[in-house]
Amino acid sequence: MTKSDLPLSRPFAAVEPGGALHCGKVSLESLARRHGTPLYVYSADQILERLGLFQRALNGREHLICYAVKANSALAILKLLGTHGAGFDIVSGGELERVLAAAPEAVGRVVFSGVGKTAAEMDRALEAGILQFNVESEGELELLAARARKLKRVARFALRVNPDVFADTHPYISTGLREHKFGIDIRRALDIYKRVANNRWLEAYGISVHIGSQIRSAEPFGAAVERVSKLVQQLRRAGIELRVIDAGGGLGIDYHATHFDAAAKVAEYAAALETSLGGFGGTLLIEPGRFLVAQAGALVSRVVNVKRNGRKTFVITDAAMNDLIRPALYQAHHEIVPVRPQAGRAQAVDIVGPVCESGDFFARDRKLAPLAPGDLVALLDAGAYGMAQSSNYNTRMRPAEVLVEGNKARLIRRRETMADLLAPEML
Ligand code: LLP
């Protein structure tokens, strides 16, 4: 297969050669006119296509795909995924409330991860009847047992083990080494499961592992699950039968390529997990976030000004680091494309936002077709950890969000107003 035969990684493309960028059949120019900028635009079709890839790849065994809500917690996206059979991986009481608001029927498919669950968060999740608590420390397990006893509800738990597997990714999003704050040392897990085996308020239900995010190769996932599978066998010999192996999330995308074979990536990932599961006959649970939503989203922004400083050219957009922090925080790369490409020679420019920090940039020395004030640009692959990590820094109102389904676009979150921002404050 040649590069151009590979499927396009993103739903954002021109409908006619050389024409303006669309999301599927919907023009980004018309969306920007209607809803203003900066504007997040997501393709529902691509999100479902990606979910379908995982569903089909894992078809041969009992499985559950728990979308990592933190990647993009828009209610409409949660509803879309929940309706199509996904479960959810949450990390806070707030994310639980989002699931209950958007997809209450899916509450039995929720796993609760995170290193610092409070008693109140546990209570709410126990009462709501979530599937499983992914427990990150012995102290947390004690607290969970106490809350379960108090509420007279059995807590299904999985220990999140730290497999000490290295994954090649940005240090801020790597989690599987002993030096990280996440999980319980895998060598301690057997003893902990045995110790609570007779607690009637705790049900040893699964085991979980998550080694990091934006991991491009399938190999470390396989290595981590292999270690977990061995532990599951040891537990079985000790009379403890777990029903779920939760392999976490973390499968990465290609932020650079135009053509990326997502189906092949998922197949490779699923095969690595399958091989490492050995004879495990229970449910394989995974928690993908980025892979499902990143490439389905773009941040559409208007050029406010073009400024020359000596030999440097700065293209200043109305989107900033508060809307999409990934470049500033992880030196992340996002492709940036003019929505209506102008003729002329490409030039190396810095694309920056208006926030008062030198770290407020989207790209440096990027070769782009000529841009002028008023032009629109699309920052691609912004569907994951974009809006979800946005803030009101510099008292900037956060963007509106639009979901495109087939040839229809629908506002799923209105732009914030100044009144929204001032509402919680008092003089
Ligand atoms: N499960 C757990 C326990 C996690 O901590 C995470 C992500 C996921 C699943 C989903 O991982 P994914 O499939 O999305 O890689 N803000 C960063 C990424 C932080 C990831 C945190 N944990 C970024 O923009 O790259």
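Three strands make up an open sheet, ordered 1-2-3 and paired antiparallel. Strands here are DSSP runs of E, at least two residues long, and helices are runs of H or I, at least four; both are numbered from the N terminus. Two strands pair if DSSP finds at least two bridges between them. Strand 1 (12–14) and strand 3 (26–27) are at the edges; each has a single partner strand, so one side of each is left without a neighbour in the sheet. Strand 2 (residues 21–23) pairs with strand 3 in the antiparallel sense, over two bridges. H22 stands opposite S27 in strand 3.

This is a predicted model: local features need pLDDT of at least 70, side-chain atom pairs count only at pLDDT 80 or more, and totals for chains, interfaces and linings use all residues. Residues are numbered from 1 along each chain as its sequence is written, and side-chain values use heavy atoms, with hydrogens and water left out.

**Whole chain**

The chain holds twelve helices and 21 strands. A compact globule of 427 residues would have a radius of gyration near 22 Å, and the chain agrees with its 23 Å. That radius is taken over C-alpha atoms; the globule rule is 2.2 Å times the number of residues to the power 0.38. Accessible areas come from the Shrake-Rupley method with a 1.4 Å probe. Buried means under 20% relative accessible area. Contact means heavy atoms within 4.5 Å.

| Property of the chain | Value |
|---|---|
| C-alpha span along principal axes | about 70 × 65 × 40 Å |
| Buried share of the 427 residues | 56% |
| Exposed area | about 18,500 Å² |
| Carbon and sulfur share of exposed area | 51% |
| Contacts joining residues at least 24 apart, among those at least 6 apart in sequence | 70% |

**Domains**

The domain assignment gives domain 1 (6–43 + 295–422) and domain 2 (113–288). Their C-alpha centres lie 35 Å apart. Across the boundary, 15 residues of domain 1 are in contact with 13 residues of domain 2.

**Nonpolar cores**

A nonpolar core is a set of buried Ala, Val, Leu, Ile, Met, Phe, Trp, Tyr and Cys residues joined through side-chain atoms within 4.5 Å. The largest has 107 residues; F88, F133 and L159 touch the most other members. Helix 8 (residues 219–237) gives this core its largest share, seven residues. Domain 1 and domain 2 each supply at least three residues to this core.

Leaving aside residues up to four places away in sequence, L159 touches V135, L141, I184, A189, I192, Y193, G206, I207 and S208. A second, separate core has 18 residues, including C23, V26, L28 and L31.

Methods: Buried means under 20% relative accessible area, exposed over 50%, partly exposed in between (1.4 Å probe, protein chains only). Domain bounds come from an automatic or database domain assignment.
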